[in-house]
Amino acid sequence: MLDADFFRRWITATAALVERDAERLTALDSPIGDADHGSNLQRGFRAVTAALEKEAPGTPGALLVLAGRQLVSTVGGASGPLYGTLLRRTGKALGEAAEVSEGQLAEALRTGVEAVMTLGGAVPGDKTMIDALVPAVDALGDSFAAARAAAEQGAEATTPMRARKGRASYLGERSIGHQDPGATSAALLVAALAEAHGE
Ligand code: ADP
Ligand code: MG
Ligand code: MG
């Protein structure tokens, strides 16, 4: 079973990976965006970490809702409301339980990813974070390590895609040949999940 401390470790591990890779994320956002994805997430996850140090919610659901709210209120770019929605809706789906099973987490994450698709209108193949998140959720039934591998493959698979959502879509064909920054950061979120699970 996964308790609030597991979720705290997931989110702080994500924050650490964002710090480690902030420059790479911003560099990926340079040719097909406005070169701020790393700094956007750095600002967001620093705020999340500070909020969790001040107040550590006692349930998985409340912890994810708090983290999601911080992202929405501190990240100006498209990724803030999208990641914020992912965490808030996943948290809401987990309800008020003190501990949840791996299966419940997989189900709740699917709800969260579907909410991101509803909010942003992206479907798989549009060269967005969805291209890492959907395969990860599909693989989570097997294992956390399988989800991490699926997210990484999903992020790499965005390179030949033409962007249909977000800033990169303004480039049309010229968006082809670059890995999507948001799919890359989504793979970090999933890698942190596997890390928190000891995989
Ligand atoms: P901005 O584009 O506002 O500067 P960021 O650079 O922080 O925001 O985030 C860009 C990332 O957000 C993209 O690489 C993409 O993965 C994701 N993204 C943008 N628009 C959408 C959307 N409508 N649906 C899903 N993901 C999106
Ligand atoms: Mg950007
Ligand atoms: Mg921006």
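What radius of gyration would a compact globule of 199 residues have, and what does the chain have? A compact globule would come out near 16 Å, and the chain has 15 Å, which agrees. Keep in mind as you look around that this is a predicted model.

**Stop 1: the whole chain**

Start by showing the full C-alpha trace. Along its principal axes the trace spans about 50 × 35 × 30 Å. Colour by secondary structure and you should find eight helices and two strands. Follow the chain from its beginning and the order reads β-α-α-α-α-β-α-α-α-α.

Now colour by burial: 52% of the 199 residues are buried. If you draw the contacts between residues with a separation of 6 or more, 64% of them join residues 24 or more positions apart.

**Stop 2: the annotated domain**

Next, select residues 5-195. An unreviewed UniProt entry annotates this stretch as "domain: DhaL". Over residues 5-195 the chain is 70% helix and 1% strand. Put a distance between the two end C-alpha atoms of that selection and you will get 13 Å.

**Stop 3: ligand 1 and its shell**

Centre the view on ligand 1 and bring up its surroundings, a shell of 23 residues. Which residues are closest to the ligand? They are Gly77, Ser79, Gly120, Gly166 and Gly182. Three helices each give two or more residues to this shell: H2 (37-54), H4 (79-94) and H8 (181-196). Pick out H8 among them, since the largest share, three residues, comes from there. Colouring the shell by residue type gives ten polar residues, seven nonpolar ones and six charged ones.

**Stop 4: helix H2**

Stay with one of those helices and select H2 alone. H2 has 18 residues, and from its first C-alpha to its last it reaches 26 Å, close to the 26 Å expected at 1.5 Å a residue.

Which residues of H2 are buried? Show side chains for His37, Gly38, Asn40, Leu41, Gln42, Gly44, Phe45, Val48 and Thr49. As you look along the helix, it helps to recall that an α-helix has 3.6 residues a turn, so residues three or four places apart point the same way. Then add the neighbours: the cover over the buried residues of H2 includes H1 (4-32), H3 (60-74), H4 and H8.

**Stop 5: the loop before H2**

Step back to the loop between H1 and H2, where you will find aspartate 34 and alanine 35. Is aspartate 34 buried or exposed? It counts as exposed, because it has 12 C-beta neighbours inside 10 Å. Leaving out residues up to four places away in sequence, aspartate 34 touches Asp29 and Arg167. For a long view, draw a line from aspartate 34 to serine 143: the two are 109 residues apart in sequence, and their C-alpha atoms are 35 Å apart in space.

Alanine 35 has a backbone feature worth a click: a positive phi of about 55 degrees, although it is not a glycine. With 15 C-beta neighbours inside 10 Å, alanine 35 counts as partly exposed.

**Stop 6: lysine 127**

Finish in the loop between H5 (102-120) and H6 (130-139), where lysine 127 sits. What is its phi? The angle is near 65 degrees, a positive value in a residue other than glycine. Lysine 127 is buried, because 28 other C-beta atoms lie within 10 Å.

Note on methods: Residues are numbered from 1 along each chain as its sequence is written. Chains are lettered from A and ligands numbered from 1 in the order in which they are written. This is a predicted model: local features need pLDDT of at least 70, side-chain atom pairs count only at pLDDT 80 or more; totals for chains, interfaces and linings use all residues. UniProt positions are given in the numbering used here, feature names are shortened, and annotations may be inferred rather than shown by experiment. Helices (H or I, at least four residues) and strands (E, at least two) are DSSP runs, numbered from the N terminus. The radius of gyration is taken over C-alpha atoms; the globule rule is 2.2 Å times the number of residues to the power 0.38. A residue is buried if 20 or more other C-beta atoms lie within 10 Å of its own, exposed if 12 or fewer, and partly exposed in between; C-beta atoms are placed from the backbone. Two residues are in contact if their C-beta atoms, placed from the backbone, lie within 7 Å. A residue is near a molecule or strand if its C-beta atom, placed from the backbone, lies within 6 Å of it. Ala, Val, Leu, Ile, Met, Phe, Trp, Tyr, Cys and Pro count as nonpolar, Asp, Glu, Lys and Arg as charged, and the others, Gly among them, as polar. The expected span of a helix is 1.5 Å times one less than its number of residues.
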